[in-house]
Every structure is written in structure tokens, then in C-alpha cells.
Amino acid sequence: MNSILILFAHPKFEQSRTNKMLVGEIEKMKGVTFHDLYEHYPDFHINISFEKELLAQHDIVVWHHPMYWYSCPPLMKQWIDLVLEYNWAYGPDGKALLNKKCLNVITTGGSRELYCSEGSNHYSVNEFLRPFEQTARLCGMQYLPPFAIMGTHRLSDDELLDMGRQYAQMLQFLQDDCSPQAMKDCSMLNDLEQLNT
Amino acid sequence: MTGSILFEAIVFLAGALICVPLAKRLGLSSVLGYLMAGILIGPYVLGFVGEEGEDILHFAEFGVVMMLFLIGLEIEPKNFWNMRKTILGMGGAQVLATMLVAYFLFDMMGYSYEVSLTFSMAVALSSTAITLQTLKEKNLFETTYGASSFSILLFQDIIVIFMLGVIPLLSSMDTATLPAEEHSDHANLLENLPLGLQTLAIIVSVVLIVVAGRYLFVPMLRKVAMTRVRELLTASALLIVFGISFLMELVGLSPALGAFLGGVVLATSEFKHELESTLEPFKDLLLGLFFIAVGASINFIVIKENPWGIGGLLFSIILLKALVLYAVGALFKLKLDQRLLLTIGLAQIGEFAFVLLSFAFQLNILSGEQMDTMLVVTALTMALTPILAMMNERLILPNIGTRETEKRPIDHIAKQHKVILVGFGHFGSTIGRFLRSHGIEATILDFDSNRVDFLRKMGFEVHYGDATRIDLLESAGIADAQVLISALDHPATTRKLIEIVKKKYPNVDMMVRAKNRYEAYELLNMGVENIYRESLDTSVKMASDVLSKMGFRKYTLYRQAQNFIKLDEESLRRLAAERPKDEKEYIFKAREEMAQQEKVMDQDWQRGIYQNDNHWDSEQMRMAAAAANRKKSNKP
């Protein structure tokens, strides 16, 4: 079973209806470590060695965050800047993350239709996440398609709960098998057949 | 007329008070002023002081001893050790060369070899008192000139011991036949011992000073400091200097040298600054007295009898000394302007010559006439070199392009820190530790001797003393300090400190600990900009942690805490600015302010504590989206 590390970054988690719901569904899952960055590092002073150790103990790294201005909240970026050190995560001797899996779990206010060349956001979620994709690649990690909860403004509580369950199912699926083969036709993990049966 | 000691004191003090300011006004050094005062009150002008001038000279030599002690305090042993090459090299070259040239000069003038040798020894020495006083006055200690002068003088102070040992060998008469009372003047316990034992005794006494410095003086000072009676510290400081001098005289060493050694031993102790500020006034007064006595002892009758002979001798000695110094300066690669300063600065004959000459006279090496001539010349060189130095500075140096502007920090002066930290309790020590972790070693002052002792063991450079004394602050280097940190506990002491620093050193940045809001008001009204309330940041942090335990998000608390502190400091400044006209109004304002703060906090509560913080709020967007949805579904 693959172990999963969820790096969660939300500057105002207590006010996020969506994320409270999502986190509630996966927080206590077996084999999943839920790591709340804003709660751990309110002063942005990240404990780098602790973070490295956490990474070493897990097979799959999840960057879970809301999409703010087409990117992640600042503490997540801080985490990337500080923890992914040269010659540890990348560079000639940077082998620590080699062959781990990595993906983004994001929430967006706008719906999936808005995130395309015809929509008001002009680009797809995958395109906006390119910096993360390349970051993972540079560290020798395999970047998986993102899991996105979109159009949150218009989702009802029931719909949200459903999304939370899908999130949990998706993690379970990754725990059992996350070969690229299994998700080769998905641009987002939301499209996995296993979640939509 | 000169019988009463009060009258004498009045004469000396009045002479100094008239002549020294006059000299200063004319742009001369105070040394010259004192010398003028001495000549004026001496037996040949006003005649207020007669033969007793000689005794006063002996007494006042103690000023030199104290000066050497104070200089020793400035030099840490390890720096002293680093200086050994300069001391031996420059000092040795200067003394040897001067003696050699002077010997030939006196030999040519037809003196016997004993007299020539004695004279040449006297001539080789320069005046520690005059030179160091001038260096201090002009703040030239940290120049190469200052360091070189100091090294040479130190070597002379050491070599004079050997000179005093050699002189009896020149005497054709048996020392034992000397009249007892005259003999006792320079006699010591060791006179009749074999040379080996004499050397041993000298070594033992030097070791004794070093050991006593560590294990007797410092514990004694600590005990005394605990009584918190300040004059006892003054008494112990004087006792240390007197004790060392006595021991040195006992074994035939120069008291000045012993005092210097004692100073070096105590240089690393926490009492360094306290000793400095305690002894400084004594030293200054005694040195002044010394210069006056030198002035008073110039024998104008001898000059009158043989003006050309004396003048010629005076001229040739100064020239000779200057030439040798110039050559030594060149040999040790001093820049031209520094070399010229050195050349003139040390061209006088020093106070040790008085001792050497009268000693030689007692041993019948010199005739009375020879001694008088040389004594007059010595005093005259002392009077003349400050004038020459002034001419050098005004007329020659400005025309030399190589003026050394960068002040190279020299080996021996302990480094002066840019930050002074007053109060090293729990509050101050945290500051000190954090500064230190950034390589900033603050000069620390504290008034608790037990704590000082403990902290020194932990490796901090802490000095004992009452920081509200401006002289202590000055010896801690406030004149060059960039920042003064006050971490004192008592508000009244803090205010006193700020008052005196603001008055004398308004350019020093002051960062001040305040106990609470009300002390902070007072500090703000005193014009202090950087105030650190000990009851603000920590309390807010604690409250945040409490709220975190109750389930509030840490990052939100973090932001709110910053907001809270900011609001609180703004209200503090607002209140301090509206300086109350009377106490009642002040209390009213304070109440009003608290009511305001309550109101703000109440508003926070009403808005679910997120006032001023609508960031990352998706609620509004959701509402808008919902409204749009309804619109859509209402459409037919």
C-alpha cells in the first residue's frame, strides 16, 4: 500500500466550506498523513528537516490547496522554496524524492467550463499547474493528473459531500495502484472510471 | 608664608585654574598650562613655592604610577603579548641609539665616562607623563604614532630598572659608606643580596602581582561591590595601586611598571570600567600637580649663570633625541607625518631622569653643579617639546600630503564595541545572547556583582558599575557607540540614564525597555522613539496560544496578534502625543483610551473577530454566484 502525504495549505481554512468538507472526509484515513501547513507554520518559519523526514516516509505527495490567482497560497510556495533543497530534492545528488508520485488537489471558484480556451480563464487547470508539474519532474517525481473540485461557489452541501467522498475514493485508489497506466486517459483524476461508477 | 598646607593647596589649584584654561584657549596642551603655572608660582617668579617643590615632585610622581595603572587596564594580557616585538624592537633601538650618540656627545664635551654614561642614560628616557597625557588629550592612542610612542615608553619604563642597577657600579665610592638617611631614599631590601637572589625576588614579586590580581584583588572588589557603598570601591582601587607601588619599591622596581602590570592583570576583570572611572580624577589631579612641580623646579639661577651653555645643551639634546627617533620611525616604516609626530613627541627627557640624576649625585658620580645643569635641561625639554609639537602640527604637518586619515585600530587597545547594553538581567541577557549570535558583542554594564561574576564565567564581556554615571558610560565608549540598549528593571533608573545620555550624547540611538504602558508614556514624552514594552508581545503571544488551544486557527491568530500589537502601539503614541495638562485629564484620557480599546475589541467580536481581514473570503463570491443562479432559474 502506498502511503500518502497531504500537504494542505489554506490561509483561512475555518471559513472554507468546501475544504472543511473535503478534509473531513480524508483527514483520518488509514495510510494518509494530513499535514496542515498554515496551522504548523503560522509565522512561515518552516521546519525544513521535519518536512524532509515526512517526505521520506511517504510514497505519494499531495499538494492540496485552493487556487488563488491561478496559483497556490504563499505558504505552499514557501514550502516548495525551502524544503526542496538543491542536492537533496534536485541537482546532481538530489535523489531524495526520486520515483515518488506527486499531484495537486485544488479547489476553484470557477467551474471547469471557465477553465478552457473559450472560457473566461482562458487556460485549463492543467496548464495553470505547469509550474508544479515541472517542479515535480525536476525532482524526479512522477506528476499525476490533478484532482480538482471546481465551481465551488455553486455547489450545494450535498454535492460537496459527494466530492469529499470522491476525494477519499481517489486516495484509496492511489494507495492500491497508481501506475500511470491506470490513469493514462485522464486529464484530471476526477475522470477516473473507478470514481464514477 | 608657605607654611600652611591649605595655602599651598590654594596656590597650586589657583595656578592650575588660571594657566590651564589659558593654555587651552591658546590651543596649547594642558601640560604646557601646568608647566607655566609651576614656573609662575615657583621660587623665581612669584616665590609662592620654594624648596618643597622637590617633595611635591616626588609625591606627584604618583600620578604617573596611576596613569600606568590605567593604561594597563586598557590592555588585555593577550594584546600585550602581541605587542612584545614592537616594544622590544622600537624601544630597544631608541634607547640604545640615543645612549650611544649621547655618550659621544658628552664625551666630546669633556665629561668623564661615568658622567657621560649617567647623562646618556638620563637622556635616553622620555616623559611618559607628558606624552601619554598629550596622546589622550588629542585622542591619538589609536594611531601608529600613539602605539609606537607607547611601546617605546613602556620599554623605557622597564629598562630604567637596569639603569638604576648599573649606576652604583659606576661609583668609585663604597655604597655602604653612604649616610644612612640619604641612602634610604633609594635603598631597598635587596641591596645587599647577591645578584641571583635579587633577580629571583624581582620575578617573585612580579608573579605575586599577577596572582594577587586574579585571586585577591578581584574577589576583594566583588565583596566590596556587594556592600554597594561606592566610596569603598574608590578606597580599594587606591589600595591596590598603593600596595603594588609599595611592593615594587621594596624590591627596587619602578612602581609605575608594577602598576602597569597590575592594570594589565585587571584588564579582563569586570571592574575594569569602574576602576577606570574611579581613578581617573586622582590621576588627572596628580599629573597636573606633577607638571606644576616640574615647572616650579626649573632653576633659573643656573640658567642665568650659563645661558649659552644651557641653551646649547638643550638644543643639542632635543636635536639628538629627535634624530634618533626619526631614524627609528623610518626603520619601522612609519609614514612621514606619523614619524614627525613621534620625533617631536618623545624628544623631551623624562621624569625618570630626576630619579636617575639625584641617585647618581648621592653616589658622588655627579657633582652638584652637573646635576643642577642636567635637571634644568630636563625640565626645559619638558617645557619645550609641547611647544615644538604644536609648531609641528600647525606649521609642518599641514604641508605634508601624507596625512594618515584612516585610523588603524592598533594591537593593544581593547576593541570598542558599537553597542552598549545596560542591565543584564533576564531581559538584557536575552538581548545580549541574540546580538552575540549575530557576531555583535555588546559592551555590557550591570550593577549586580554576583551576576556579573557568573556571566563572565559564561563567557560574556560584562562590566560592573552604575550605568547612570556618565564617566562609566564614557569609559564604556558611549562617545563612539551607535546604539545604547537600556534593559534596566527600575523605571526611575531608566529615566535617569536616558536623561544624562540625551543631554550629553544625543546622537546615540537609544532602545529602551519599558515595564508597562504607563512607563512607556513617560518615555515617549521624554522623546525616546524605540520603546519595548515587556508586557506587550509576550502577553499577546500567550493569549494567541490560549485561543489556539480553543480551536482557533493559528495563522488567523498570528495575523490578529500583529494587528492587535499595531493598534495598541498606535493608541500609545496617540495618548502620549496629547500630553495632558494635568493629572486628572491624563487619567481621564487613559480611561477613554481603554474604553476605545474595549470598543475595538467588541467590534472584533461582533464581526466574528475578522474585522480588517476579509481576505481569502469566498462568502461574498458565493452569494453573488447564488444570486446569479436564482436569476437564471427564474428566467422563463
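# Briefing on a predicted two-chain complex

Of the 197 residues in chain A, 38% are buried, a residue being buried if 20 or more other C-beta atoms, placed from the backbone, lie within 10 Å of its own, exposed if 12 or fewer, and partly exposed in between. This is a predicted model, in which local features need pLDDT of at least 70, side-chain atom pairs count only at pLDDT 80 or more, and totals for chains, interfaces and linings use all residues. Residues are numbered from 1 along each chain as its sequence is written, while chains are lettered from A and ligands numbered from 1 in the order in which they are written. The predictor assigns the complex an ipTM of 0.84 and a pTM of 0.54.

**Confidence in chain B**

- Chain B has a mean pLDDT of 79, with 84% of its residues at 70 or more; pLDDT is the predictor's confidence in each residue, from 0 to 100.
- Residues 175–187 of chain B stay under 50 in pLDDT, and the model gives them six contacts beyond four places in sequence. Two residues are in contact if their C-beta atoms, placed from the backbone, lie within 7 Å.
- Residues 402–414 of chain B also have pLDDT below 50, and this stretch has 30 contacts in the model beyond near neighbours in sequence.

**Contact between the chains**

- Chain A and chain B each contribute to the contact, with 13 residues from chain A and 13 residues from chain B.
- On the side of chain A that touches chain B, four residues are nonpolar, four are polar and five are charged. Ala, Val, Leu, Ile, Met, Phe, Trp, Tyr, Cys and Pro count as nonpolar, Asp, Glu, Lys and Arg as charged, and the others, Gly among them, as polar.

**Chain A: overall layout**

- Chain A contains seven helices and six strands. Helices (H or I, at least four residues) and strands (E, at least two) are DSSP runs, numbered from the N terminus.
- Along the sequence, these elements of chain A appear in the pattern β-α-β-α-α-β-α-β-α-α-β-β-α.
- Of the contacts in chain A between residues at least 6 apart in sequence, 79% join residues at least 24 apart.

**Chain A: strand β3 and helix α1**

- Strand β3(A) has six of its seven residues buried, so it is largely enclosed by the rest of the structure.
- β3(A) pairs with β1(A) in the parallel sense over five bridges; two strands pair if DSSP finds at least two bridges between them. In this pairing, W63(A) of β3(A) is the bridge partner of L7(A).
- β3(A) also pairs with β4(A), in the parallel sense and over seven bridges. Here the bridge partner of W63(A) is N104(A) in β4(A).
- In helix α1 (residues 17–26) of chain A, the buried residues are T18(A), N19(A), M21(A), L22(A), V23(A) and I26(A).
- Those buried residues of α1(A) pack against β1 (4–8), β2 (32–36), β3 (60–66), β4 (101–107), β6 (147–149) and α7 (157–176) of chain A.

**Chain B: a crossing of two helices**

- Helix α11 (residues 230–251) and helix α13 (residues 272–296) of chain B have axes that come within 10 Å and cross at roughly 85°. Axes are lines fitted to C-alpha atoms, for helices over the stretch in contact, and angles run from 0 to 180 degrees between N-to-C directions.
- The crossing makes α11(B) roughly perpendicular to α13(B). Angles under 35 degrees count as roughly parallel, over 145 as roughly antiparallel, 65 to 115 as roughly perpendicular and the rest as oblique.
- L233(B), T234(B) and A237(B) of α11(B) meet E274(B), L275(B), T278(B) and L279(B) of α13(B) in this contact. By class, the contact has four nonpolar, two polar and one charged residues.

**Chain B: the six-stranded sheet**

- Six strands of chain B form an open sheet in the order β3-β2-β1-β4-β5-β6, with parallel pairing.
- Its edge strands are β3 (462–464) and β6 (530–533) of chain B, each of which pairs on one side only.
- From one strand to the next, the twist averages 20°.
- Helix α19 (residues 426–436) of chain B packs on the sheet, touching β1 (419–422), β2 (443–446), β4 and β5 of chain B, and its direction makes about 155° with that of β1(B).

**Chain B: residue I349**

- I349(B) lies in the loop between α16 (336–345) and α17 (352–362) of chain B, and counts as buried with 29 C-beta neighbours inside 10 Å.
- I349(B) and L125(B) are 224 residues apart in sequence, yet 5.7 Å apart in space, C-alpha to C-alpha.
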